[in-house]
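Student: Could you take me on a close look at the pockets in this structure, beginning with the largest one? I would like to know what lines it.

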Amino acid sequence: MKEERLAITHLGEDQTKYMNAVVPPVFMNSLHVFDSMESYALREENQAYVYGRAANPTVTILEEKVAALEGGCRAVAFASGMAAAAAAILAVCRAKSHIICMRDVYQPVKNILNQYFIPRMEITVSYWDGVDLNELEDLIQDNTDMILLESPATFVFTVTDIAGAARIAKAHNIKTYIDNTYCTPLYQKPLAMGIDIVMHTMSKYIGGHSDIIGGILAVKDEELGNLLKNTIRELFGGILGPMEAWLGIRGLRTLQVRLEQHQKTAKEVAKYLEGHPKVDRVYYTGLDSHPQAERIRKQQTGHTGLMSFVLKDDPQKAVELVDHLKIFEIGCSWGGFESLALCPLLYYSEDDLEFLGLGGRDKGLIRIHCGLEGADALIEDLEQALRAL
């Protein structure tokens with residue numbers, strides 16, 4: 001934990017380079033100039049900054065911090081989480097590759113597979129429940145190049161045996177990718193469990209203030225890191241902007257204390273909901289009642305502010321409850337200072353729900369993010385909304 005605190009606060013910063021300012025500046029420039037043609041000719045050897053599409057000093061500070069937090073050799077920052085996810089796929093797969101994807105990964109990741117990689121690159125995709133490792137191994141084909149994971153997944157908080165999936169993948173020379181946004185690098189270390197590529201959406205806990213869009217990948221393999229940075233990102237032009245990087249650095253400084261508060265609040269809210277007579281079930285990794293509690297204890301060191309629950313009543317009552325909430329606002333993201341609520345499955349068809357392994361009542365699943373307003377205020381808000389049903 002000491003190393004993590006130092007990475008969050010000081011790693012990658014050299015105050016002597018910017019007039020001893022305690023906070024690094026935002027390097028807004030697109031261009032870096034040289035004092036001679038010789039120094040320009042040696043730019044790559046000296047790892048000099050040249051042009052903002054390739055690298056930026058503010059972005060580099062953020063990348064060094066995240067790489068250290070994840071236990072990787074390199075992190076590469078992108079303009080959005082989806083830019084990072086797409087870059088990972090492009091770096092690993094080729095035309096006619098086969099991908100195994102967890103059923104409940106982030107929906108836009110499935111969208112880019114279905115709308116671009118399948119029709120444009122003739123990639124094939126097999127979907128996996130994220131739990132049965134025997135099924136995972138049965139899905140592997142000769143051309144399987146990648147396994148896409150998210151753990152915990154953020155509808156019913158399914159948890160994958162990360163180390164087990166990584167072992168199977170390595171035995172077949174398959175690259176693995178995981179969305180680690182929920183746990184952050186503080187509460188889960190996928191690279192240490194054998195995963196090849198770890199992704200974070202920076203609009204969530206790394207940013208923490210709902211004011212940036214960004215994505216970042218962390219890897220242990222230097223060659224893979226160079227491919228992501230110097231080929232995929234530089235040539236496709238998806239680098240994170242310097243202002244967003246600076247805000248990400250700011251977010252990292254308070255990440256630990258924010259997560260502790262999100263977790264403390266969410267545990268109290270989850271226990272309140274679990275004991276409420278109108279609530280059928282609660283999905284939260286911090287509850288002992290989670291069906292995968294033993295697995296969670298093995299690979300997570302903490303929990304954050306996101307959970308979901310289902311009412312005993314008709315799914316339409318979930319809409320009434322969300323509309324009655326006053327502190328919880330209606331929004332599709334999470335991980336910021338504010339509390340949010342949404343019925344993310346409300347417009348899913350029965351086939352969509354069946355694909356996710358869910359039933360009819362799950363259409364009324366309510367996902368909430370517990371922000372920093374305090375447990376008492378959030379429980380009071382939920383109580384008045386539940387009472388109004």
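Tutor: Happy to; here is a walk through the largest pocket, followed by the other spaces. Keep in mind that this is a predicted model.

The largest pocket holds about 770 Å³ of space. Its lining is made up of 24 residues, and those nearest the centre are Gln 47, Ala 55, Arg 74, Lys 229 and Asn 230. If you trace the lining by secondary structure, three elements each give at least two residues: helix H3 (57–70), strand E1 (74–78) and helix H9 (222–236). Of the lining, H3 provides the largest share, with five residues. Sorted by class, there are 11 nonpolar, eight charged and five polar residues around this pocket.

Now to the second largest pocket, which has about 500 Å³ of space. It is lined by 25 residues, and Tyr 106, Gln 107, Pro 108, Lys 204 and Cys 332 are the closest to its centre. Helix H4 (81–92) and helix H5 (107–121) each contribute at least two lining residues here. The classes in this lining are 11 nonpolar, nine polar and five charged.

Finally, a search of the whole structure turns up one cavity of 30 Å³ or more, and the space in this largest cavity is about 30 Å³. Around the cavity you will find Val 310, Leu 311, Asp 313, Asp 314, Pro 315, Ala 318, Arg 361 and Gly 364. That lining counts four nonpolar, three charged and one polar residue.

How values were computed
Residues numbered from 1 in each chain as written. Predicted model: local features only at pLDDT ≥ 70, side-chain atom pairs only at ≥ 80, totals over all residues. Heavy atoms only, no water. 1 Å grid on protein atoms, 1.4 Å probe; cavity = no way out; pocket = protein on both sides within 12 Å on 5 of 7 lines; lining within 4 Å. Points joined across faces, edges and corners; volume = space filled by probe spheres on them. Helix = DSSP H or I, 4+ residues; strand = E, 2+ residues; numbered from the N terminus. Nonpolar A, V, L, I, M, F, W, Y, C, P; charged D, E, K, R; others polar.
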